[in-house]
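Biologist: I am new to this structure and would like a close look at a single part of it. Could you take me slowly through how one pair of helices packs, and what surrounds that packing?

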Amino acid sequence: MKGGSGRRRTLPGFGLTMGLTLTWLSIIILLPLAGLFLKSFELSLAQFVDIVTSRRTLNALKISFGLAFLAALVNLVMGGIIVWALVRYRFPGRRIFDAIVDVPFALPTAVAGIALTTLFAQNGWLGAPLAELGIKVSFTPLGIFVAMVFIGIPFVVRTVQPVLIDLDPEIEEAAASLGANRWQTVSRVILPSLLPALLTGFALAFARAVGEYGSVIFIAGNLPNVSEIAPLLIVIRLSEFRYADATAIAVVMLLVAFLVIFAVNRMQRWAQLRVPAH
Amino acid sequence: MPKPAIAVPLERTDARSEPRWVRGLLIGFTILFLTVFIVLPLVIVFAEAFARGTYAYLAALADPEAQSAIKLTLIVAVISVGLNLVFGLIAAWAIAKFEFPGKTLLISLVDLPFSVSPVISGLVFVLLFGAQGFLGPWLQDNNIQLLFALPGIALATTFVTFPFVSRALIPLMQEQGTAEEEAALSLGASGLQTFFRVTLPNIKWGLLYGVLLCNARAMGEFGAVSVVSGHIRGETNTMPLLVEILYNEYQFVSAFAIASLLALLALVTLVAKTVLERHLDEGQRPSEH
């Protein structure tokens, strides 16, 4: 069946590149992840539940998920303000501030970790004035929260930025000319069109903060049940050769991560439906 | 006097702008927040690194342990960036230039490492290659050391940095379509010629962009590498791992000296990224709007 005349011409190499892609993907990503799930099947359901609901694990999961949620909320609000100021206003240093929003992406997490710890330590530049107000940051759950806020900064800003730039100015003008005041225009016209991007950024920041390790462990204090995050507990269980425990915690975290990806994909589709392509 | 005596209102009545005080407040919040969370941490890295002067800083970097960490970090980055460069290109070709069922799923799978905790990215390799792992006994019998050695570190880093190159290329290549390649092929160019003479020049900035980000992450990866490295001093410590060890030993100048190199790498990466983004924007949108 060679060279059917009506067929659209396509480029060569599909079979080869697709084969290599799938092979490489399987070796580096899929097989190792499958190994994790396989390992967890060595546990009975009761054992699995036992591990995951043990006091220390449950507390670590609560700390990781709870603080990540709060940090992502801060990222949502502050990210919204930052992206608005960066896109809509002109002020000195705007381009530099725009560029450094990506620092948490680029700065190695261990560097961020020791920098934040030193900054917020009781004798640190910010820690000292805060200590006088009676607020301790480094080596407390508040420190974990601070590190998670840091690591999540770019997500909301970078997901909302292109949408806000492309937002049609006419809809705002229309709202204003129909008698809406500025606040009504922002809250009823602009905010709803940014909502999918805002929520996507929130979800990405949340997912990142839940799994974050390097920037958190220095500032956390790492007290079991108080300031011990789930990824650290995985590392501790591994060092104790309690592989089953480490695996069970990892499976719970992975399942939540998959849920977040799924939600983000759905949101992106929703956004595409709401905003017709122009 | 010919000039009108009426003061020009300072407040713009444009329907698309906020009152002056709101603008001031939002700009103030932005500057304060980014200064506290980003500028100060960056500044403190260098302040601490040079806290005891330039000599102590240089001595910390000249230390044999630091040297071996720098060397290992560079080797690991070359391996994992090289692998991801080649396979990122291949994957981007397959995904961006063809239509096939399951495309969205494949893209999600390629992006998967972004959503996995770095610690878990290390853990999966311990479960595969560790003494209690699936392949552990076989590796031991054949005297192959993957874990707590260079191959394990490179593998975990490759896992973590897997999406960077293809993710930078796929949207770019999709936008460029297949017309130019089809023209080259119809003029008699071979597939490889088409790739190297048509596709590659078109995507070179996007490729550089992906490689830069991939490299920054590869050199800075901490969680995944920490799990598979074994922390053997002078042997399996990358720069981020050495930062941790020195910091926990209260050798702050040394820890921050090495951290300052990594921070410098991050800053250079960001500058290059900003320049490249302008390049890419110009290529994609002929007119500024």
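Modeller: What follows looks at one helix pair between two chains and then at the nonpolar core. This is a predicted model, in which local features need pLDDT of at least 70 and side-chain atom pairs count only at pLDDT 80 or more, while totals for chains, interfaces and linings use all residues. Residues are numbered from 1 along each chain as its sequence is written, chains are lettered from A and ligands numbered from 1 in the order in which they are written, and side-chain values use heavy atoms, with hydrogens and water left out.

Helix α1 (residues 14-41) of chain A packs against helix α4 (residues 103-115) of chain B, their axes lying 10 Å apart at an angle of about 45°; helices here are DSSP runs of H or I with at least four residues, numbered from the N terminus, and axes are lines fitted to C-alpha atoms over the stretch in contact, with angles from 0 to 180 degrees between N-to-C directions. α1(A) is therefore oblique to α4(B), a word for angles that are not under 35 degrees (roughly parallel), over 145 (roughly antiparallel) or 65 to 115 (roughly perpendicular).

From α1(A), the contact (heavy atoms within 4.5 Å) is made by M18(A), L22(A), L25(A), I29(A), L30(A) and L33(A), and from α4(B) by L106(B), L109(B), V110(B), L112(B) and P113(B). These residues divide into eleven nonpolar, no polar and no charged, where Ala, Val, Leu, Ile, Met, Phe, Trp, Tyr, Cys and Pro count as nonpolar, Asp, Glu, Lys and Arg as charged, and the others, Gly among them, as polar.

As for the core, I234(A) is among the residues with the most contacts inside the largest nonpolar core, which has 188 residues. Such a core is a set of buried Ala, Val, Leu, Ile, Met, Phe, Trp, Tyr and Cys residues joined through side-chain atoms within 4.5 Å, buried meaning under 20% relative accessible area, with exposed over 50% and partly exposed in between (1.4 Å probe, protein chains only). Leaving aside neighbours within four places in sequence, I234(A) is in contact with residues of both chains, including M253(A) and I120(B).

Notes
Helices (H or I, at least four residues) and strands (E, at least two) are DSSP runs, numbered from the N terminus.
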